[in-house]
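Visitor: I would be grateful for a close look at a single part of this protein, followed by a tour of some other places that deserve attention.

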Amino acid sequence: MLSDDDILAAVRRGLGAPGADDAAFPAAGAHITRHLLLAGEIVRCVETRTEGTAFHAGTRDLSDLPEYDDLDRYPVPPPADPGAARSTLRLVRRGSVAAHACSTCTNGRKPCARCRGAGDVACRTHVPCAGCEGRLCCLACEGTGKRAREAADRPQGETASRVRCRKCGADDAACGKCRGAGRKKCGVCGGTASRPCPDCAGGGTVSHDFCAGTGRYVEWTEGVVVREPVVDTVEESSDLPARAFAWTNEADAWNRVDHVGEDAFPPDDTGSGPGTRTDLTEATDFTQDTDLAEVAARLKPRLGFRDGEVARRVRVRYLSLARVTHDDHPDRVYVVIPGRPAPRVVTVRSPRRAWRLAALGLLVLVAVVAVSRLLT
């Protein structure tokens with residue numbers, strides 16, 4: 001932390017006073033306040049545990065999954081990185097696995113619902129002719145066998161040759177594909193009015209979806225442990241505008257706090273489950289650093305225990321700025337930023353100066369409006 005003398009010397013250098021002359025910015029009339037910038041994040045690993053019935057069609061070997069007796073007491077080590085991506089652990093309750101034979105099918109097969117086990121379905125005996133589609137199949141009799149008084153006109157654009165109609169005998173009048181019938185036997189059933197069922201391919205049975213055609217299924221009680229990171233972003237500038245962060249850069253003398261695991265969130269007495277919240281001040285010795293003590297005080301309201309929290313990481317950085325005003329410089333505020341090799345100074349308008357400029361702008365606006373009204 002910079003001393004008052006260091007802060008005043010930095011302002012004098014910023015003003016360009018030769019040799020940092022005390023007379024250029026005397027200590028008398030100077031007012032120094034200190035402000036802490038704090039930025040970073042608190043990452044908590046939050047765990048949820050749920051239990052329910054699991055199902056698998058067919059057979060399944062569950063020996064690769066961990067077993068538990070009491071899901072709430074099942075020990076899962078805390079993560080090495082509380083900010084790791086979402087993870088899911090599945091477990092099997094001991095003694096809950098039960099394999100069953102499917103009682104609603106026969107060896108994984110059940111009667112086809114479409115044909116009701118018959119294996120075939122009804123079909124049309126004839127289909128419209130692909131050449132004339134049943135329209136103008138014969139220009140003389142139109143498929144009736146009796147010639148009309150006046151023959152129908154040949155379809156416009158028709159290029160296919162006409163043949164003798166098998167029904168009325170008219171030459172060069174009938175469609176060449178159906179010869180005046182207007183329809184043809186169904187190519188699927190051959191005119192028998194019955195075809196194999198498309199769902200069961202004529203077999204009369206289909207695979208049973210419930211057991212996936214195996215005739216068996218497995219049920220068990222499954223425990224699921226889900227862990228995911230929850231991030232609490234920290235960005236505070238005590239009594240300084242939020243833009244104060246823009247006045248700094250990575251080269252400034254930022255200090256960092258990085259606590260993870262037991263240091264920030266110790267385990268309980270058994271070392272196997274969620275622990276009791278410990279304030280940051282209890283995990284670190286702050287007696288030698290007043291800035292760090294303020295960091296701890298600011299973080300303390302954020303460090304409350306959340307339901308299901310099993311680990312946390314506190315990673316923040318902090319920087320103490322000095323705000324300097326002077327009776328001889330009423331229109332300026334000097335912000336001193338610690339850095340290497342020397343502190344930097346950012347000069348901003350004082351609130352008084354800002355109000356004066358705002359009032360001046362308002363006065364100019366009123367004058368412009370008044371003049372415009374006089375001119376009109």
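Visitor: Against which strands do the buried residues of H1 pack?

Guide: Please note at the outset that this is a predicted model. The buried residues of H1 pack against four elements listed here by name: strand S1 (30–57), strand S13 (309–326), strand S14 (329–337) and strand S15 (344–349). The residues of H1 that are buried are Ile7, Leu8, Ala9, Ala10, Val11 and Arg12. Buried here means under 20% relative accessible area.

The length of H1 can be checked as well. This helix covers residues 4–15, and at 1.5 Å a residue its 12 residues should span 16 Å. The end C-alpha atoms of H1 are 17 Å apart, which agrees. Just after H1 comes Gly16, which takes a positive phi of about 80 degrees.

Two of the strands that H1 packs against, S14 and S15, lead to another feature. In the loop between S14 and S15 one finds Pro341. A cis peptide bond joins Arg340 to Pro341, with omega at about 5 degrees. Most peptide bonds are trans, and most residues other than glycine have a negative phi.

Positive phi values are also found in residues other than glycine. One of them is Arg116, with phi near 55 degrees; Arg116 is placed in the loop between strand S5 (109–111) and strand S6 (120–122). With a relative accessible area of 77%, Arg116 is exposed. Arg179 likewise has a positive phi near 55 degrees, and its place is the loop between strand S7 (126–128) and strand S8 (183–185). Arg179 is partly exposed, since its relative accessible area is 37%.

The loop between S7 and S8 also holds Ala152. This residue is partly exposed, with a relative accessible area of 24%. Leaving aside residues up to four places away in sequence, Ala152 touches Leu136 and Leu139. The C-alpha atoms of Ala152 and Cys138 are separated by 8.4 Å, and these two residues are 14 residues apart along the chain.

A further pair is formed by Thr106 and Thr214: they are 108 residues apart along the chain, and their C-alpha atoms are separated by 9.4 Å. Thr106 is found in the loop between strand S4 (98–101) and S5. Its relative accessible area of 56% makes Thr106 exposed.

Helix H3 (residues 290–299) offers a second helix to set beside H1. In H3 the residues Asp291, Leu292, Val295, Ala296 and Leu299 are buried. They cover an arc of only 145 degrees around the axis, and therefore lie on the same side of H3. An α-helix has 3.6 residues a turn, so residues three or four places apart point the same way. The face of H3 turned away from its buried side carries Thr290 and Ala297, which are exposed.

Lastly, one may turn to helix H4 (residues 351–375), in which Leu362 lies. Leu362 is exposed, with a relative accessible area of 54%. Together with Leu365, Val366 and Val369, Leu362 makes a nonpolar surface patch of about 360 Å².

Note on methods:
Residues numbered from 1 in each chain as written. Predicted model: local features only at pLDDT ≥ 70, side-chain atom pairs only at ≥ 80, totals over all residues. Heavy atoms only, no water. Patch = residues over 30% accessible without salt bridge, like charges linked within 9 Å, V, L, I, M, F, W, Y side chains within 5 Å. Areas by Shrake-Rupley, 256 points an atom, 1.4 Å probe, with all protein chains shown as cover. Salt bridge = Lys/Arg side-chain N within 4 Å of Asp/Glu carboxyl O. Buried < 20%, exposed > 50% of the residue type's maximum accessible area, 1.4 Å probe, protein only. Expected span 1.5 Å × (residues − 1). Contact = heavy atoms within 4.5 Å. Arc of directions from axis to C-beta.
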